Amino acid sequence: MAIRALVWGENLHEQKNKAVAENYPIGMHGQIAKLLSEDKNISVSTVTLQDPEHGLSEARLNETDVLLWWGHAAHDMVDDVIVKRVMERVWQGMGLIVLHSGHHSKVFKGLMGTPANLHWREAGERERLWVVNPGHPIAKGLGEYFELEYEEMYGEPFSVPEPLETVFVSWFQGGEVFRSGLTYRRGAGNIFYFRPGHETYPTYHDANVGKVLRNSVNWAFNADRHAELMKAPNTPVASSIEPLVERGAKLTNADHAGEVAGAKK
Ligand code: ZN
């Protein structure tokens, strides 16, 4: 069965900026989906910020194996209820690919637990992405490096937690460097952050970028969902594996009454 990828697009710059509209007549989300559709193992669809529930209803997420996220100008417009829902899905095993300015999305910052800040400059610079982990599945089929002639500069320090793996390091014409392909695991969910993708440049028409995106969806896919990770069950003394005699002081039922709903399920 094919991997069900869902591309989430903010879909604002395409409507307002002529250069973006010309680069991406089918929307950035549409173009990203087109790149993914070159892999017969991926079945892809798109939703946008403007859809009811931003296109991320419970039903829709039930049918999603890997979510890709492109946002920039409207991170604050994403409803906190939806943010929580997406984060909980990731914890249970849904894959997440965060693209470019998605580093500042509520979902990514929430999962990282850090500000995810960086330095930036918009000057149409050449970006050279070095493959620093050539054996990694996300780098499959790439050379030692690849270049994007026009990109926005993102520079270190990038305030994210130390990643599980670093797949790419970028060099920019102005001299800065940046960790541009990072993997994380949160709960049972695989997360990949991929830096390129500035809206006024044709990044999502690049063959190597397409390859990275397809590879990352295959890498992030996990068929299992771990709903049990959302629970914090009590294990009664009577059912302990080894015989156990209770000792010491403990809370009363009244003390437990104030606990957060759901924690004791
Ligand atoms: Zn940008």
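**Zinc site, backbone oddities and a surface patch**

Colleague: Where is the place of P157?
Modeller: In this predicted model, P157 falls in the loop between β6 and β7 (165-172).

Colleague: Which residue is joined to P157 by a cis peptide bond?
Modeller: E156 is the partner. Omega for the E156-P157 bond is about 5°.

Colleague: Switching to the metal. Which residues are the protein donors of the zinc ion?
Modeller: H100 donates through NE2, E152 through OE and H198 through ND1. These donors lie 2.0 to 2.1 Å from the zinc ion.

Colleague: How are the donor residues spaced in sequence?
Modeller: The pattern is H-x51-E-x45-H. H100 and E152 are 52 residues apart, and the pair links distant parts of the chain. H100 is in the loop between β4 (95-99) and α6 (106-112), while E152 belongs to strand β6, residues 145-155.

Colleague: Is H100 buried or exposed?
Modeller: H100 is buried, with a relative accessible area of 1%.

Colleague: And E152, what is its relative accessibility?
Modeller: E152 comes out at 5%, so it counts as buried; the cut-off for buried is under 20%.

Colleague: Back to the backbone. What is phi of H100?
Modeller: Phi of H100 is near 45°, a positive value in a residue other than glycine. That residue is the zinc donor in the loop between β4 and α6.

Colleague: What about phi of N11?
Modeller: N11 also has a positive phi without being glycine, and the value there is near 60°.

Colleague: Where does N11 sit, and is it buried or exposed?
Modeller: N11 is in the loop between β1 (3-9) and α1 (13-16). At 13% relative accessibility, N11 counts as buried, because the limit is under 20%.

Colleague: New topic, the surface. Which residues form a nonpolar patch?
Modeller: W130, V132 and Y145 make up that patch. Together they have about 280 Å² of accessible area.

Colleague: Where is V132 in the chain?
Modeller: V132 lies in the loop between β5 (119-131) and β6.

Colleague: Why does V132 count as partly exposed?
Modeller: Its relative accessibility is 44%. Partly exposed covers values between the 20% limit for buried and the 50% limit for exposed, so V132 belongs in that class.

Technical notes:
Residues numbered from 1 in each chain as written. Predicted model: local features only at pLDDT ≥ 70, side-chain atom pairs only at ≥ 80, totals over all residues. Heavy atoms only, no water. Donors = N, O, S within 2.8 Å, 3.2 Å for Na, K, Ca; no water. Helix = DSSP H or I, 4+ residues; strand = E, 2+ residues; numbered from the N terminus. Buried < 20%, exposed > 50% of the residue type's maximum accessible area, 1.4 Å probe, protein only. Patch = residues over 30% accessible without salt bridge, like charges linked within 9 Å, V, L, I, M, F, W, Y side chains within 5 Å. Areas by Shrake-Rupley, 256 points an atom, 1.4 Å probe, with all protein chains shown as cover. Salt bridge = Lys/Arg side-chain N within 4 Å of Asp/Glu carboxyl O.
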